[in-house]
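Thanks, everyone. I'll keep this short. Please have the model up on your screens.

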Amino acid sequence: MKAIIINDFGPASNLELADVSVPKPGDNEVLIKVRSISINPVDVKTRGGKGAAGGIKEWPIILGWDISGEVTESNSGLVKKGDEVFGMINFPGHGKAYAEYVVANANHIALKPTNIGHDEAAAACLAALTAWQNLTDYYKVKPGDRVLVHAGSGGVGHFAIQIAKHLGAYVIATSSEANKKFVMSLGADEHIDYQAVNFEDELNDIDFVLNTQSAEIGKRSLAVLKEGGALISIASAITDEIAAGAKAKGIKASQTMVKSSGKDMEQLAKLLADSQIGSHVSETYSLDDMQKAHTSLESGRTVGKIVVKP
Ligand SMILES: NC(=O)c1ccc[n+]([C@@H]2O[C@H](COP(=O)([O-])OP(=O)(O)OC[C@H]3O[C@@H](n4cnc5c(N)ncnc54)[C@H](OP(=O)(O)O)[C@@H]3O)[C@@H](O)[C@H]2O)c1
(Lines give C-alpha, C1' and ligand atoms only; values in the text may rest on other atoms or scores of the structure.)
Protein backbone atom coordinates (compact mmCIF):
# COMPACT_ATOMS: atom_id res chain seq x y z
CA MET A 1 0.00 0.00 0.00
CA LYS A 2 1.01 3.63 -0.39
CA ALA A 3 2.06 5.49 2.76
CA ILE A 4 3.92 8.67 3.62
CA ILE A 5 6.97 7.93 5.76
CA ILE A 6 9.86 9.80 7.34
CA ASN A 7 13.27 8.18 7.82
CA ASP A 8 14.59 11.07 9.91
CA PHE A 9 13.19 14.06 11.81
CA GLY A 10 13.32 17.29 9.82
CA PRO A 11 11.57 19.59 7.33
CA ALA A 12 8.53 18.85 5.14
CA SER A 13 10.89 17.63 2.40
CA ASN A 14 11.57 14.55 4.61
CA LEU A 15 8.02 13.30 3.93
CA GLU A 16 8.37 10.52 1.32
CA LEU A 17 5.84 8.46 -0.59
CA ALA A 18 6.65 4.74 -0.05
CA ASP A 19 5.27 1.29 -0.71
CA VAL A 20 4.81 -0.58 2.60
CA SER A 21 2.97 -3.73 3.74
CA VAL A 22 -0.68 -3.53 4.71
CA PRO A 23 -0.73 -3.80 8.56
CA LYS A 24 -2.47 -6.72 10.31
CA PRO A 25 -5.07 -6.10 13.04
CA GLY A 26 -4.56 -7.83 16.41
CA ASP A 27 -7.05 -8.54 19.20
CA ASN A 28 -9.75 -5.88 19.54
CA GLU A 29 -8.30 -4.13 16.47
CA VAL A 30 -9.72 -3.38 13.03
CA LEU A 31 -8.19 -2.74 9.61
CA ILE A 32 -9.55 0.40 7.98
CA LYS A 33 -9.38 1.41 4.30
CA VAL A 34 -8.62 5.09 4.77
CA ARG A 35 -10.78 7.49 2.72
CA SER A 36 -9.65 10.77 4.32
CA ILE A 37 -6.87 11.88 6.67
CA SER A 38 -6.74 15.15 8.54
CA ILE A 39 -3.51 16.75 9.64
CA ASN A 40 -2.73 18.69 12.83
CA PRO A 41 0.07 20.93 14.13
CA VAL A 42 1.30 18.00 16.27
CA ASP A 43 2.07 16.11 13.03
CA VAL A 44 4.44 18.93 12.05
CA LYS A 45 5.98 19.04 15.55
CA THR A 46 6.46 15.26 15.56
CA ARG A 47 7.98 15.37 12.07
CA GLY A 48 10.56 17.76 13.54
CA GLY A 49 11.36 15.46 16.50
CA LYS A 50 9.08 17.17 19.03
CA GLY A 51 5.32 16.74 19.65
CA ALA A 52 4.60 13.02 20.10
CA ALA A 53 8.03 11.92 18.81
CA GLY A 54 9.18 10.76 22.27
CA GLY A 55 6.59 7.97 22.33
CA ILE A 56 7.42 6.55 18.88
CA LYS A 57 10.22 3.97 18.74
CA GLU A 58 9.72 2.32 15.35
CA TRP A 59 11.30 3.55 12.07
CA PRO A 60 10.35 4.61 9.49
CA ILE A 61 7.63 6.69 11.13
CA ILE A 62 4.24 6.90 9.48
CA LEU A 63 2.88 10.16 10.90
CA GLY A 64 -0.76 11.09 11.49
CA TRP A 65 -3.64 10.15 13.79
CA ASP A 66 -6.92 11.34 12.23
CA ILE A 67 -8.79 9.17 9.76
CA SER A 68 -12.19 8.33 8.35
CA GLY A 69 -12.74 5.20 6.30
CA GLU A 70 -14.27 1.76 5.94
CA VAL A 71 -13.60 -1.33 8.09
CA THR A 72 -12.23 -4.17 5.90
CA GLU A 73 -11.35 -6.61 8.73
CA SER A 74 -12.55 -6.64 12.33
CA ASN A 75 -11.30 -8.54 15.40
CA SER A 76 -13.74 -6.68 17.65
CA GLY A 77 -17.41 -7.04 18.51
CA LEU A 78 -17.76 -3.24 18.47
CA VAL A 79 -17.58 -2.77 14.68
CA LYS A 80 -17.92 -5.05 11.68
CA LYS A 81 -16.56 -5.30 8.13
CA GLY A 82 -18.17 -2.63 5.95
CA ASP A 83 -18.82 -0.14 8.78
CA GLU A 84 -17.78 3.45 8.07
CA VAL A 85 -15.80 4.76 11.04
CA PHE A 86 -13.73 7.75 12.11
CA GLY A 87 -11.36 8.52 14.95
CA MET A 88 -8.02 9.64 16.35
CA ILE A 89 -5.92 6.47 16.35
CA ASN A 90 -3.52 5.74 19.20
CA PHE A 91 -2.65 9.27 20.26
CA PRO A 92 -0.01 10.09 21.55
CA GLY A 93 1.49 6.79 20.26
CA HIS A 94 2.37 5.78 16.70
CA GLY A 95 -0.92 6.40 14.83
CA LYS A 96 0.35 5.55 11.29
CA ALA A 97 -2.55 7.38 9.64
CA TYR A 98 -0.75 8.65 6.50
CA ALA A 99 -1.52 5.48 4.56
CA GLU A 100 -4.10 3.67 2.44
CA TYR A 101 -4.84 1.29 5.34
CA VAL A 102 -4.51 1.75 9.08
CA VAL A 103 -4.99 -0.56 12.06
CA ALA A 104 -7.05 0.93 14.88
CA ASN A 105 -7.95 -0.13 18.40
CA ALA A 106 -11.73 -0.56 18.23
CA ASN A 107 -12.01 1.60 21.38
CA HIS A 108 -10.51 4.60 19.55
CA ILE A 109 -13.15 4.89 16.80
CA ALA A 110 -16.88 5.50 16.35
CA LEU A 111 -19.35 5.02 13.51
CA LYS A 112 -19.19 7.91 11.05
CA PRO A 113 -22.45 9.87 10.93
CA THR A 114 -24.19 9.15 7.60
CA ASN A 115 -25.01 12.84 6.98
CA ILE A 116 -21.35 13.85 6.57
CA GLY A 117 -18.62 12.76 4.17
CA HIS A 118 -15.25 11.23 5.03
CA ASP A 119 -13.44 14.59 4.70
CA GLU A 120 -15.64 16.26 7.33
CA ALA A 121 -15.43 13.16 9.55
CA ALA A 122 -11.62 12.95 9.42
CA ALA A 123 -11.49 16.68 10.19
CA ALA A 124 -13.56 16.13 13.38
CA CYS A 125 -11.06 13.90 15.21
CA LEU A 126 -8.01 15.27 17.13
CA ALA A 127 -9.10 18.94 16.97
CA ALA A 128 -12.74 18.21 17.85
CA LEU A 129 -11.76 15.75 20.61
CA THR A 130 -9.44 18.38 22.09
CA ALA A 131 -12.26 20.91 22.21
CA TRP A 132 -14.73 18.32 23.57
CA GLN A 133 -12.46 16.94 26.31
CA ASN A 134 -11.41 20.42 27.51
CA LEU A 135 -14.94 21.87 27.52
CA THR A 136 -16.76 18.89 29.03
CA ASP A 137 -14.17 17.00 31.09
CA TYR A 138 -11.03 18.95 32.10
CA TYR A 139 -13.35 21.95 32.58
CA LYS A 140 -17.14 21.60 32.50
CA VAL A 141 -18.71 24.51 30.62
CA LYS A 142 -22.08 25.47 32.11
CA PRO A 143 -24.92 27.48 30.52
CA GLY A 144 -24.19 31.19 30.90
CA ASP A 145 -20.40 30.74 31.31
CA ARG A 146 -18.33 33.41 29.59
CA VAL A 147 -15.78 31.49 27.51
CA LEU A 148 -12.76 32.92 25.67
CA VAL A 149 -11.35 30.82 22.82
CA HIS A 150 -7.96 31.95 21.50
CA ALA A 151 -7.61 31.26 17.73
CA GLY A 152 -11.28 30.60 17.07
CA SER A 153 -10.54 30.20 13.36
CA GLY A 154 -8.11 27.28 13.81
CA GLY A 155 -8.70 23.55 13.96
CA VAL A 156 -9.34 23.34 17.71
CA GLY A 157 -10.87 26.82 18.00
CA HIS A 158 -13.56 26.35 15.36
CA PHE A 159 -14.85 23.25 17.18
CA ALA A 160 -14.46 24.88 20.62
CA ILE A 161 -16.71 27.80 19.62
CA GLN A 162 -19.43 25.45 18.36
CA ILE A 163 -19.23 23.08 21.35
CA ALA A 164 -19.21 25.94 23.88
CA LYS A 165 -22.30 27.43 22.20
CA HIS A 166 -23.97 24.00 22.24
CA LEU A 167 -23.27 23.87 26.01
CA GLY A 168 -24.99 27.24 26.47
CA ALA A 169 -21.97 29.51 26.94
CA TYR A 170 -21.43 33.12 25.87
CA VAL A 171 -18.42 32.80 23.55
CA ILE A 172 -15.73 35.31 22.68
CA ALA A 173 -13.11 34.23 20.15
CA THR A 174 -9.92 35.78 18.80
CA SER A 175 -8.47 35.68 15.28
CA SER A 176 -7.19 38.22 12.78
CA GLU A 177 -9.75 40.49 11.09
CA ALA A 178 -9.55 38.32 7.95
CA ASN A 179 -11.22 35.45 9.83
CA LYS A 180 -13.83 37.48 11.77
CA LYS A 181 -16.70 36.52 9.46
CA PHE A 182 -15.82 32.83 9.74
CA VAL A 183 -15.56 32.98 13.54
CA MET A 184 -18.94 34.74 13.84
CA SER A 185 -20.52 32.22 11.43
CA LEU A 186 -19.64 29.48 13.94
CA GLY A 187 -21.89 31.14 16.53
CA ALA A 188 -19.40 33.27 18.48
CA ASP A 189 -21.07 36.14 20.35
CA GLU A 190 -18.03 38.43 20.11
CA HIS A 191 -14.86 38.57 18.05
CA ILE A 192 -11.55 40.16 18.99
CA ASP A 193 -8.93 40.97 16.39
CA TYR A 194 -5.78 40.10 18.35
CA GLN A 195 -3.64 42.04 15.86
CA ALA A 196 -5.54 45.30 16.43
CA VAL A 197 -6.25 45.27 20.18
CA ASN A 198 -5.06 43.63 23.38
CA PHE A 199 -7.83 41.23 24.40
CA GLU A 200 -7.19 41.99 28.10
CA ASP A 201 -8.19 45.64 27.48
CA GLU A 202 -11.57 44.50 26.08
CA LEU A 203 -12.67 41.68 28.40
CA ASN A 204 -13.37 40.81 32.01
CA ASP A 205 -15.36 38.32 34.12
CA ILE A 206 -14.42 35.32 31.97
CA ASP A 207 -15.16 31.89 33.46
CA PHE A 208 -12.98 29.80 31.16
CA VAL A 209 -10.12 30.48 28.74
CA LEU A 210 -9.01 27.88 26.19
CA ASN A 211 -5.48 28.96 25.32
CA THR A 212 -4.32 27.39 22.05
CA GLN A 213 -1.34 29.76 21.87
CA SER A 214 1.84 30.75 23.74
CA ALA A 215 2.55 30.92 27.48
CA GLU A 216 2.64 34.72 27.05
CA ILE A 217 -1.02 34.64 25.94
CA GLY A 218 -1.75 32.29 28.85
CA LYS A 219 -0.20 34.79 31.26
CA ARG A 220 -2.15 37.71 29.77
CA SER A 221 -5.35 35.65 29.98
CA LEU A 222 -5.22 35.68 33.80
CA ALA A 223 -6.22 39.36 33.70
CA VAL A 224 -9.60 38.61 32.08
CA LEU A 225 -10.54 35.63 34.26
CA LYS A 226 -12.80 36.01 37.28
CA GLU A 227 -11.99 34.52 40.68
CA GLY A 228 -12.83 30.81 40.56
CA GLY A 229 -12.34 30.72 36.77
CA ALA A 230 -10.12 28.33 34.83
CA LEU A 231 -7.32 28.60 32.28
CA ILE A 232 -6.39 25.62 30.14
CA SER A 233 -3.36 25.81 27.88
CA ILE A 234 -3.00 23.14 25.21
CA ALA A 235 0.03 24.40 23.28
CA SER A 236 2.21 25.90 26.00
CA ALA A 237 3.25 25.34 29.58
CA ILE A 238 1.76 26.69 32.77
CA THR A 239 4.93 28.49 33.79
CA ASP A 240 5.77 29.21 37.43
CA GLU A 241 4.75 32.82 36.79
CA ILE A 242 1.32 31.76 35.46
CA ALA A 243 0.85 29.29 38.33
CA ALA A 244 1.66 31.99 40.91
CA GLY A 245 -0.60 34.57 39.22
CA ALA A 246 -3.44 32.05 38.99
CA LYS A 247 -3.08 31.06 42.65
CA ALA A 248 -3.14 34.68 43.78
CA LYS A 249 -6.40 35.24 41.87
CA GLY A 250 -8.09 31.92 42.77
CA ILE A 251 -7.90 30.63 39.20
CA LYS A 252 -7.30 26.98 38.26
CA ALA A 253 -4.57 26.80 35.59
CA SER A 254 -3.60 23.58 33.82
CA GLN A 255 -2.04 22.19 30.67
CA THR A 256 -3.90 19.27 29.10
CA MET A 257 -3.31 16.64 26.42
CA VAL A 258 -6.01 15.09 24.22
CA LYS A 259 -6.41 11.30 24.43
CA SER A 260 -7.87 8.72 22.04
CA SER A 261 -11.44 7.81 23.05
CA GLY A 262 -14.12 6.01 21.07
CA LYS A 263 -16.66 7.07 23.73
CA ASP A 264 -15.86 10.74 23.12
CA MET A 265 -15.91 10.13 19.34
CA GLU A 266 -19.48 8.80 19.79
CA GLN A 267 -20.45 12.07 21.50
CA LEU A 268 -18.94 14.05 18.62
CA ALA A 269 -20.72 11.75 16.11
CA LYS A 270 -24.07 12.63 17.77
CA LEU A 271 -23.37 16.38 17.56
CA LEU A 272 -22.29 16.04 13.91
CA ALA A 273 -25.35 13.90 13.09
CA ASP A 274 -27.64 16.54 14.67
CA SER A 275 -25.75 19.36 12.88
CA GLN A 276 -24.99 20.90 16.29
CA ILE A 277 -21.37 21.13 15.11
CA GLY A 278 -19.73 20.87 11.69
CA SER A 279 -16.22 20.60 10.29
CA HIS A 280 -14.88 23.37 8.10
CA VAL A 281 -12.41 21.90 5.59
CA SER A 282 -10.58 24.74 3.86
CA GLU A 283 -7.88 22.81 1.98
CA THR A 284 -7.66 19.32 0.46
CA TYR A 285 -4.53 17.60 -0.90
CA SER A 286 -3.71 14.20 -2.40
CA LEU A 287 -1.43 11.84 -0.43
CA ASP A 288 1.38 12.54 -2.94
CA ASP A 289 1.12 16.23 -1.99
CA MET A 290 1.65 15.71 1.77
CA GLN A 291 4.72 17.99 1.71
CA LYS A 292 2.53 20.83 0.40
CA ALA A 293 -0.14 20.07 3.02
CA HIS A 294 2.48 20.29 5.81
CA THR A 295 3.96 23.49 4.39
CA SER A 296 0.53 25.09 4.42
CA LEU A 297 -0.25 23.86 7.96
CA GLU A 298 3.01 25.13 9.40
CA SER A 299 2.27 28.64 8.13
CA GLY A 300 -0.06 28.88 11.17
CA ARG A 301 -2.81 30.42 9.04
CA THR A 302 -5.08 27.39 8.59
CA VAL A 303 -8.79 28.18 8.64
CA GLY A 304 -10.60 25.16 10.13
CA LYS A 305 -8.94 21.97 8.91
CA ILE A 306 -6.71 20.54 6.17
CA VAL A 307 -7.62 17.13 4.71
CA VAL A 308 -5.44 14.71 2.71
CA LYS A 309 -6.90 12.02 0.40
CA PRO A 310 -5.08 8.69 0.04
N1 LIG B 1 -2.48 19.58 24.11
C2 LIG B 1 -3.34 19.09 23.22
O3 LIG B 1 -4.03 18.10 23.50
C4 LIG B 1 -3.48 19.75 21.87
C5 LIG B 1 -4.49 19.30 21.01
C6 LIG B 1 -4.67 19.96 19.79
C7 LIG B 1 -3.85 21.03 19.44
N8 LIG B 1 -2.85 21.41 20.28
C9 LIG B 1 -1.99 22.54 19.92
O10 LIG B 1 -2.79 23.71 19.92
C11 LIG B 1 -2.33 24.61 18.94
C12 LIG B 1 -3.50 25.01 18.03
O13 LIG B 1 -3.90 23.89 17.27
P14 LIG B 1 -4.88 24.09 16.02
O15 LIG B 1 -5.05 22.78 15.36
O16 LIG B 1 -6.09 24.85 16.42
O17 LIG B 1 -3.95 25.04 15.11
P18 LIG B 1 -4.21 25.71 13.69
O19 LIG B 1 -5.45 25.16 13.08
O20 LIG B 1 -2.96 25.61 12.91
O21 LIG B 1 -4.46 27.26 14.07
C22 LIG B 1 -4.43 28.18 13.04
C23 LIG B 1 -5.23 29.42 13.43
O24 LIG B 1 -4.59 30.10 14.50
C25 LIG B 1 -4.92 31.49 14.38
N26 LIG B 1 -3.91 32.25 15.12
C27 LIG B 1 -2.56 32.23 14.95
N28 LIG B 1 -1.96 33.03 15.87
C29 LIG B 1 -2.95 33.53 16.66
C30 LIG B 1 -2.98 34.40 17.81
N31 LIG B 1 -1.85 34.92 18.33
N32 LIG B 1 -4.18 34.67 18.38
C33 LIG B 1 -5.32 34.17 17.86
N34 LIG B 1 -5.36 33.36 16.76
C35 LIG B 1 -4.19 33.03 16.18
C36 LIG B 1 -4.91 31.74 12.88
O37 LIG B 1 -5.83 32.75 12.62
P38 LIG B 1 -5.33 34.12 11.92
O39 LIG B 1 -4.75 33.71 10.59
O40 LIG B 1 -6.59 34.91 11.82
O41 LIG B 1 -4.29 34.70 12.84
C42 LIG B 1 -5.35 30.38 12.29
O43 LIG B 1 -6.71 30.39 11.85
C44 LIG B 1 -1.17 23.91 18.22
O45 LIG B 1 0.03 24.33 18.80
C46 LIG B 1 -1.43 22.45 18.53
O47 LIG B 1 -0.26 21.64 18.46
C48 LIG B 1 -2.65 20.80 21.49
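Asp8 touches Asn14 and Trp59, once residues up to four places away in sequence are set aside. Keep in mind that this is a predicted model. Where does Asp8 sit? In the loop between strand E1, 2-5, and strand E2, 16-19. Is Asp8 buried or exposed? Neither, quite. Its relative accessibility is 48%, so Asp8 counts as partly exposed. The cut-off for exposed is over 50%. One more distance here. Gly49 is 41 residues away from Asp8 in sequence, yet the C-alpha to C-alpha distance is 8.6 Å.

Now the ligand. There are 26 residues around it. Which come nearest? Ser176, Tyr194, Val258, Arg301 and Thr302. Next, some polar atom pairs. Val156 puts a backbone N or O atom 2.9 Å from a ligand oxygen atom. Asn179 uses its side chain: an N or O atom there is 2.8 Å from an oxygen atom of the ligand. Ile234 goes through the backbone again, with an N or O atom 2.8 Å from a ligand nitrogen atom. So that's two pairs to ligand oxygen, and one to ligand nitrogen.

On to the strands. Take E8, residues 146-149. E8 runs parallel to strand E9, residues 170-175, and 4 bridges join the two. In that pairing, Arg146 stands opposite Tyr170 of E9. How does the chain get from E8 to E9? It passes through helix H4, residues 155-166, and this β-α-β crossover is right-handed. E8 also pairs with strand E11, residues 206-211. That pairing is parallel too, over 3 bridges. There, Val147 stands opposite Phe208 in E11.

Phe208 takes us to the packing. In general, nonpolar side chains tend to be buried together in soluble globular proteins. Here, the largest nonpolar core has 83 residues. Which have the most contacts inside it? Ile32, Phe86, Tyr98, Ile163, Phe208 and Met290. Helix H3, residues 126-138, supplies the largest share of this core, 7 residues. Look at Ile163. Beyond its neighbours within four places in sequence, Ile163 is in contact with Ala128, Ala131, Trp132, Leu135, Leu268, Leu271 and Ile277. There is also a second, separate core. That one has 15 residues, among them Ile172, Phe199, Leu203 and Leu225.

That's my tour. Over to you.

Technical notes:
Residues numbered from 1 in each chain as written. Predicted model: local features only at pLDDT ≥ 70, side-chain atom pairs only at ≥ 80, totals over all residues. Heavy atoms only, no water. Core = buried A, V, L, I, M, F, W, Y, C linked by side-chain atoms within 4.5 Å. Buried < 20%, exposed > 50% of the residue type's maximum accessible area, 1.4 Å probe, protein only. Helix = DSSP H or I, 4+ residues; strand = E, 2+ residues; numbered from the N terminus. Contact = heavy atoms within 4.5 Å. Pairing = 2+ DSSP bridges. Right-handed = clockwise from strand over helix to strand, strands pointing away. Near = heavy atom within 4 Å. Polar contact = N/O pair within 3.5 Å; in protein donor to acceptor, adjacent residues only side chain to side chain.
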